Amino acid sequence: QVQLAESGGGLVQAGGSLRLSCAASGYNFYRYNMRWFRQAPGKEREFVAGISWSGSSTYYEDSVKGRFAISRDNAKNTVYLQMNSLKPEDTGVYYCAAGGTITPIGDVDYWGQGTQVTVSS
């Protein structure tokens, strides 16, 4: 059974940092590209960042470039999202996703349940 379990969300003040983790199980994690998406209240889910199966390529949504960093540890079946200089507009539920491309385009094979990130002003 495939599982993607996000953790690390919480409440943080603007300018602060959080590190999200997504632990994968039930499939060959090292073969899959991974992505992070987020969904703000009342808005559609949007792409945040993607990383290739090997970790050699990454891709970011413009608004998070230079602030967020995606990484992975294939030995631990885990993908991370380091978020720095957080802004209130980064608030939302963050989801990790397996499969497809590392860009906003393309279907996802597996979704996690999400973790809430709230940035106060």
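Here are some worked exercises on the predicted model shown above.

**Exercise 1. The overall build**

Work out how many helices and strands the protein chain has, and how its radius of gyration compares with the globule rule.

*Solution.*
- Step 1: Begin with the elements. The protein chain has zero helices and eleven strands, and from the N terminus the order reads β-β-β-β-β-β-β-β-β-β-β.
- Step 2: Now bring in the radius of gyration. The value is 13 Å, close to the 14 Å that the globule rule gives for 121 residues, so the protein chain is as compact as a globular protein of that length.
- Step 3: Add the dimensions. The C-alpha trace spans about 40 × 25 × 25 Å along its principal axes.
- Step 4: Turn to the contacts. Among those between residues at least 6 apart in sequence, 57% join residues at least 24 apart.
- Step 5: Finish with the surface. About 6,200 Å² of the protein chain is exposed, and carbon and sulfur atoms supply 46% of this area.

**Exercise 2. The nonpolar core**

Find which residues of the largest nonpolar core touch the most other members, and which strand gives the most to this core.

*Solution.*
- Step 1: Take burial as the starting point. Of the 121 residues, 42% count as buried.
- Step 2: Recall a broad trend. In soluble globular proteins, nonpolar side chains tend to be buried together.
- Step 3: Look at the core itself. The largest nonpolar core holds 26 residues, and Trp36, Val79, Leu81, Met83 and Tyr94 touch the most other members.
- Step 4: Trace the core back to its strands. Two or more residues come from each of β3 (18-25), β4 (34-39), β5, β7 (68-73), β8 (78-83), β9 (92-98) and β11 (115-120). The most come from β3, which gives four residues.

**Exercise 3. Rings and charges**

Decide what kind of aromatic pair phenylalanine 47 and tyrosine 59 form, and which parts of the chain the pair ties together.

*Solution.*
- Step 1: Count the pairs. There are eight aromatic pairs in the model.
- Step 2: Check the geometry of this one. The rings of phenylalanine 47 and tyrosine 59 are 5.9 Å apart, centre to centre, with 55° between the planes, and the pair is tilted.
- Step 3: Place the partners. Phenylalanine 47 belongs to strand β5 and tyrosine 59 to strand β6, so the pair ties together parts that are twelve residues apart in sequence.
- Step 4: Compare their surroundings. Phenylalanine 47 is buried, because its relative accessible area is 6% and the cut-off is under 20%. Tyrosine 59 counts as partly exposed at 39%.
- Step 5: Widen the view. Ring pairs link Phe37, Phe47, Tyr59, Tyr95 and Trp111 into a cluster.
- Step 6: Add the charges. The charged end of arginine 45 sits over the ring of tyrosine 95, 4.0 Å from the ring centre. The charged end of arginine 72 sits over the ring of phenylalanine 29, at 4.4 Å from the centre.

**Exercise 4. Three serines**

Sort serine 52, serine 54 and serine 21: buried or partly exposed?

*Solution.*
- Step 1: Locate serine 52. This residue lies in the loop between β5 (46-51) and β6 (58-60). With a relative accessible area of 8%, serine 52 is buried.
- Step 2: List the contacts of serine 52. Beyond neighbours within four places in sequence, they are Asn33, Ser57, Arg72 and Ile102.
- Step 3: Move to serine 54, which also lies in the loop between β5 and β6. Its relative accessible area is 37%, so serine 54 is partly exposed. The C-alpha atoms of serine 54 and aspartate 73 are 9.3 Å apart, with their positions 19 residues apart in sequence counted as separation.- Step 4: End with serine 21, found in strand β3. Serine 21 is buried at 19% relative accessible area. Leaving aside neighbours within four places in sequence, serine 21 is in contact with residues including Trp36, Val79 and Tyr80.

**Exercise 5. Loop residues**

Say where asparagine 77, serine 85 and glycine 114 are found.

*Solution.*
- Step 1: Asparagine 77 is in the loop between β7 and β8. This residue has a positive phi of about 55° although it is not a glycine, and counts as partly exposed at 26%.
- Step 2: Serine 85 is in the loop between β8 and β9. Here too phi is positive, about 50°, although the residue is not a glycine; at 41% relative accessibility, serine 85 is partly exposed.
- Step 3: Glycine 114 is in the loop between β10 (110-111) and β11. Its contacts, leaving aside neighbours within four places in sequence, are Glu6, Val93, Tyr94 and Tyr95.

Note on methods. Residues are numbered from 1 along each chain as its sequence is written. This is a predicted model: local features need pLDDT of at least 70, side-chain atom pairs count only at pLDDT 80 or more; totals for chains, interfaces and linings use all residues. Side-chain values use heavy atoms; hydrogens and water are left out. Buried means under 20% relative accessible area, exposed over 50%, partly exposed in between (1.4 Å probe, protein chains only). Contact means heavy atoms within 4.5 Å. Rings of Phe, Tyr and Trp (its six-membered ring) pair if their centres lie within 6.5 Å; planes under 30 degrees apart count as stacked, over 60 as edge-to-face and the rest as tilted. A charge sits over a ring if NZ of Lys or CZ of Arg is within 6 Å of the ring centre and within 35 degrees of the ring normal. The radius of gyration is taken over C-alpha atoms; the globule rule is 2.2 Å times the number of residues to the power 0.38. Accessible areas come from the Shrake-Rupley method with a 1.4 Å probe; for residues, only the protein chains shown count as cover. A nonpolar core is a set of buried Ala, Val, Leu, Ile, Met, Phe, Trp, Tyr and Cys residues joined through side-chain atoms within 4.5 Å.
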